[in-house]
Amino acid sequence: MQMPTRFFSKKRVARLQKRAHSGRMKQDPYHYQIIARAIEFIERSHTEQPSLDDIASAIGLSPAHFQRVFTAWAGVSPKRYQQYLSLNLAKTLLAERYSLLETAHEVGLSGPSRLHDMFLTWEAMTPGDFAKAGADLNIAYGYVDTPYGEMLIMWTPRGICGLGFTDVKGRDWTYQDLVKRWPKAKYFEDQDKARVFADTLLAGKEARLHLMGQPFQLKVWEALLAIPSGEVTTYSTIAEHIGNPKAVRAVGTAVGRNPISWLVPCHRVLRKSGGLGGYHWGLPVKRTILMREALRKDVANAQNTAA
């Protein structure tokens with residue numbers, strides 16, 4: 001199922017790299033909605049291997065229009081990308097992209113970690129401050145567009161403290177879900193600053209995170225930061241890594257409580273059986289992120305091979 005690197009010629013790799021850095025890969029929610037509907041259709045009919053015309057017809061677009069939108073979003077044609085749009089995605093990732101967290105020791109509570117081709121610096125709120133439930137804390141927020149749909153972003157003066165996707169359950173549910181984590185904080189909207197944050201993140205530039213959680217949760221989130229883009233791990237492996245192999249269920253709860261989705265990549269944790277597991281913001285979002293990251297890694301590998 002892994003995309004063969006020979007598919008990408010040197011010219012193809014150069015075009016993909018140029019497109020990724022030229023800003024042409026920035027999509028609006030319309031693109032994501034098309035991709036989500038295409039994924040849903042392909043999953044329902046994956047045993048039949050639907051053609052481009054079949055997929056385009058199912059989502060109400062002409063084949064040419066669908067091809068353009070899909071290629072702009074994924075960087076390759078639907079035919080090449082279809083291998084990632086299957087119910088076997090999780091099992092394939094576990095078989096081919098399984099990470100043993102060997103580099104986890106390089107990540108510290110106040111150290112840098114490379115993630116999504118960006119540098120993240122993060123610090124944690126003290127247990128005492130966390131117990132105050134956000135009292136005396138000012139949190140700004142705003143809504144921004146991403147390749148995975150609309151995202152709610154929250155931040156404190158120390159950095160980004162919350163990210164959530166709104167497409168599955170709506171803006172109000174997503175906002176309330178994050179707010180209830182720090183119920184005593186003061187919240188105010190700042191759309192202009194949110195767009196600045198979004199441009200920074202989508203361009204892969206340096207960003208600072210402000211993680212607010214209990215000590216056990218911080219250990220789990222630290223382990224998440226060690227999982228490279230395009231790879232996955234399991235709940236049991238994280239439990240072993242943090243020195244508590246019997247705490248698989250507690251690890252799952254901590255992964256689900258991660259307030260900074262995507263940047264702290266809880267989507268990269270799968271069940272040992274090969275199932276996708278859960279995702280706080282909806283499995284369609286998790287599946288789409290994993291597929292796109294797998295493709296990006298293949299493109300990067302092809303680039304290295306062609307160099």
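**Figure 1. Contacts across the predicted model.** Of the contacts in the protein between residues at least 6 apart in sequence, 69% join residues at least 24 apart. The model is predicted. Its secondary structure consists of 13 helices and 9 strands. The protein has 307 residues, and 53% of them are buried. Its accessible surface is about 14400 Å², with 50% belonging to carbon and sulfur atoms.

**Figure 2. Strand β3, residues 138–146.** This strand is mostly covered, with 7 of its 9 residues buried. Pairing with β4 and with β6 is shown in the next two views.

**Figure 3. The hairpin of β3 and β4.** The two strands are connected through 2 residues. Strand β4 spans residues 149–156 and runs antiparallel to β3, to which 7 bridges join it. One residue pair can be picked out here: V144 has M151 in β4 as its bridge partner.

**Figure 4. The pairing of β3 with β6.** Strand β6 covers residues 186–189 and runs parallel to β3. The two are joined by 4 bridges. In this view, Y141 is matched with E189 of β6 as its bridge partner.

**Figure 5. Cysteines C161 and C266.** C161 has a relative accessible area of 0% and is therefore buried, the cut-off being under 20%. C266, at 5%, is buried by that cut-off too. How many disulfides does a search of the whole structure find? The search returns 0.

Methods
Residues numbered from 1 in each chain as written. Predicted model: local features only at pLDDT ≥ 70, side-chain atom pairs only at ≥ 80, totals over all residues. Heavy atoms only, no water. Disulfide = S-S within 2.5 Å. Buried < 20%, exposed > 50% of the residue type's maximum accessible area, 1.4 Å probe, protein only. Contact = heavy atoms within 4.5 Å. Areas by Shrake-Rupley, 256 points an atom, 1.4 Å probe, with all protein chains shown as cover. Pairing = 2+ DSSP bridges.
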